[in-house]
Amino acid sequence: MRVDPDIIAFFKGQGKGHLTRMHAVLRSYVDAQKNRHTPS
């Protein structure tokens with residue numbers, strides 16, 4: 001997966017655990033999209 005350098009710098013700038021935080025953001029997005037497309 002390619003990630004723009006400024007995105008990496010932003011997360012790294014928040015300290016240790018930047019990959020975990022990036023994963024959490026992606027998970028949140030995926031979950032929101034699934035909920036958006038789930039029929040009621």
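Axes, in what follows, are lines fitted to C-alpha atoms, for helices over the stretch in contact, and the angles between them run from 0 to 180 degrees between N-to-C directions. With that convention in hand, the structure can be read as a predicted model of a protein chain whose secondary structure comes to 2 helices and 0 strands. The C-alpha atoms of the chain fill a box of roughly 40 × 20 × 15 Å when the box is taken along the principal axes, and of the 40 residues in the chain 8% count as buried.

The arrangement of the helices is a suitable place to begin. Two packed helices are described by the angle between their axes and the distance between the axes. Here helix α1 covers residues 5–12 and helix α2 covers residues 18–36, and their axes come within 8 Å and cross at roughly 115 degrees. Because angles of 65 to 115 degrees count as roughly perpendicular, α1 is described as roughly perpendicular to α2. The crossing in which α1 passes α2 is right-handed.

The contact itself can be followed residue by residue. On the α1 side it involves I8, F11 and K12, and on the α2 side these meet H18, R21, M22 and V25. Sorted by character, the residues of this contact of α1 with α2 divide into 4 nonpolar, 1 polar and 2 charged.

Within this contact, F11 deserves a separate look. F11 lies in helix α1, and it counts as buried because its relative accessibility is 12%, where buried means under 20%. When its neighbours within four places in sequence are left aside, F11 is in contact with H18, R21, M22 and V25. By comparison with a position further along the chain, the C-alpha atoms of F11 and Y29, which are 18 residues apart in sequence, are separated by 16 Å.

From the other side of the contact, H18 is found in helix α2, and, not counting residues up to four places away in sequence, H18 touches F11 and K12. The C-alpha atoms of H18 and I8 are separated by 8.1 Å, with the two residues 10 apart along the chain.

A further feature concerns charged side chains. Side chains of opposite charge can pair when their charged atoms come close. A search of the whole structure finds 1 salt bridge, which R27 forms with D31, the closest N and O atoms being 3.5 Å apart. Both R27 and D31 lie in helix α2, where they are 4 residues apart, about one turn of the helix. As for their surroundings, R27 counts as partly exposed because its relative accessibility is 40%, and D31, with a relative accessible area of 32%, is likewise partly exposed; both assignments rest on partly exposed being the range between the buried limit of 20% and the exposed limit of 50%.

Methods:
Residues numbered from 1 in each chain as written. Predicted model: local features only at pLDDT ≥ 70, side-chain atom pairs only at ≥ 80, totals over all residues. Heavy atoms only, no water. Parallel < 35°, antiparallel > 145°, perpendicular 65-115°, else oblique. Left-handed = near helix turned anticlockwise from the far one by under 90°. Contact = heavy atoms within 4.5 Å. Nonpolar A, V, L, I, M, F, W, Y, C, P; charged D, E, K, R; others polar. Salt bridge = Lys/Arg side-chain N within 4 Å of Asp/Glu carboxyl O. Buried < 20%, exposed > 50% of the residue type's maximum accessible area, 1.4 Å probe, protein only.
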